[in-house]
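Here's a quick tour to go with the model on your screen. Have a look at it first, then work through the notes below.

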Amino acid sequence: YRQALTEIKQLRKLSWKSQIGHWQEQVKPVSDIPFLFLELDDIDPKDLKQISQEIENKSPGFFFILSKNDDRSSFFGYVSKSFADKVNLKDLSGLLKDTCGLRGGGNASMIQGGGAHVTSDVKQIVLDWLNR
């Protein structure tokens, strides 16, 4: 049983790793900050940070990943050091709590957390926040 779970995790990781190049191509400037919003299904919350780091290797910017797993949602937000003076993710964390019920923590350059299955348009909320 444990070996099967380990293999499933490895296969899922291989699956998302094969998407990194495609996701890097989707990074677009928003308010002069390269931005990428990803909405994924069934990604282990522990992998969200690694996905951001893989994308950042070639495309520094601001990344927000939302993963829907059954009846829960997980998120990870990250801004590269070169854009840290333009974006404070702690502000976004509070907004996500108030608008989407997503609770999390972190600092000015990285936030993570989760909550119940999200029905609101998180992408639009993050874009509006970034454009303010």
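At the heart of this briefing is an open sheet of six strands with mixed pairing, ordered S1-S2-S3-S4-S6-S5. Strand S1 (28-30) and strand S5 (103-106) sit at the edges, each pairing on one side only. Going from one strand to the next, the twist averages 25 degrees. Keep in mind that this is a predicted model.

**How the strands pair**

- Start with strand S3 (residues 62-69), which pairs with S4 in the antiparallel sense over eight bridges.
- One of the residues to look for there is Asn-69, whose bridge partner in S4 is Arg-72.
- The hairpin of S3 and S4 has two residues between the strands, and Asp-70 takes a positive phi near 55 degrees in it.
- S4 also pairs with strand S6 (residues 110-116), again in the antiparallel sense, this time over seven bridges.
- Arg-72 turns up here too: its bridge partner in S6 is Ala-116.
- Moving on to S5, four bridges join it to S6, and the two run antiparallel.
- Within that pairing, Gly-105 has Gln-112 as its bridge partner in S6.

**Strand S4 and Ser-74**

- How many of the eight residues of strand S4 (residues 72-79) are buried? Seven are, so the strand is largely enclosed by the rest of the structure.
- Ser-74 has its place in strand S4.
- With a relative accessible area of 10%, Ser-74 counts as buried because the cut-off for that is under 20%.
- Leaving out residues up to four places away in sequence, Ser-74 touches Pro-45, Leu-48, Ile-65, Leu-66, Ser-67, Asn-69, Gly-113 and Gly-114.
- As a reminder when you look at any of these strands, side chains in a regular strand alternate between the two faces of the sheet.

**Helices against the sheet**

- Helix H4 (residues 89-100) lies across S3, S4, S5 and S6, and runs at about 5 degrees to S6.
- Helix H5 (residues 122-131) lies across S1, strand S2 (33-41) and S3, and runs at about 165 degrees to S2.
- Which residues of H5 are buried? They are Val-122, Ile-125, Val-126, Leu-127, Trp-129 and Leu-130.
- Those buried H5 residues pack against S1, S2 and S3, and against H4 as well.

**Lys-49 on helix H3**

- Lys-49 has its place in helix H3.
- Is Lys-49 buried or partly exposed? Its relative accessible area is 37%, so Lys-49 is partly exposed.
- Not counting neighbours within four places in sequence, Lys-49 is in contact with Phe-76 and Met-110.
- Lys-49 and Phe-75 are 26 residues apart in sequence, and their C-alpha atoms are 9.3 Å apart in space.

**The largest pocket**

- The largest pocket holds about 210 Å³ of space.
- Its lining is made up of Lys-9, Gln-10, Arg-12, Lys-13, Trp-16, Asp-42, Ile-43, Asp-44, Pro-45, Lys-46, Asp-47 and Asn-69.
- Helix H1 (2-17) and helix H3 (45-56) each supply at least two residues of that lining.
- Where does the largest share of the lining come from? H1 provides it, with five residues.
- By type, the lining of the largest pocket divides into seven charged, three nonpolar and two polar residues.
- Two of the names in this lining may ring a bell: Pro-45 and Asn-69 are also among the residues that Ser-74 touches.

**The loop between S1 and S2**

- Ser-31 is found in the loop between S1 and S2, and Asp-32 is found there as well.
- Ser-31 is not a glycine, yet it has a positive phi of about 50 degrees.
- Asp-32 also has a positive phi in a residue other than glycine, near 65 degrees.
- Ser-31 is partly exposed, with a relative accessible area of 36%.
- Asp-32 comes out at 63% relative accessibility and therefore counts as exposed, for which the cut-off is over 50%.

Technical notes
Residues are numbered from 1 along each chain as its sequence is written. This is a predicted model: local features need pLDDT of at least 70, side-chain atom pairs count only at pLDDT 80 or more; totals for chains, interfaces and linings use all residues. Side-chain values use heavy atoms; hydrogens and water are left out. On a 1 Å grid over the protein atoms alone, a cavity is a set of points where a 1.4 Å probe fits but cannot get out, and a pocket is an open set with protein on both sides within 12 Å along at least five of seven lines; lining residues have an atom within 4 Å of a point. Grid points are joined across faces, edges and corners, and a volume is the space filled by probe spheres set on the points. Ala, Val, Leu, Ile, Met, Phe, Trp, Tyr, Cys and Pro count as nonpolar, Asp, Glu, Lys and Arg as charged, and the others, Gly among them, as polar. Buried means under 20% relative accessible area, exposed over 50%, partly exposed in between (1.4 Å probe, protein chains only). Two strands pair if DSSP finds at least two bridges between them. Axes are lines fitted to C-alpha atoms, for helices over the stretch in contact, and angles run from 0 to 180 degrees between N-to-C directions. Contact means heavy atoms within 4.5 Å.
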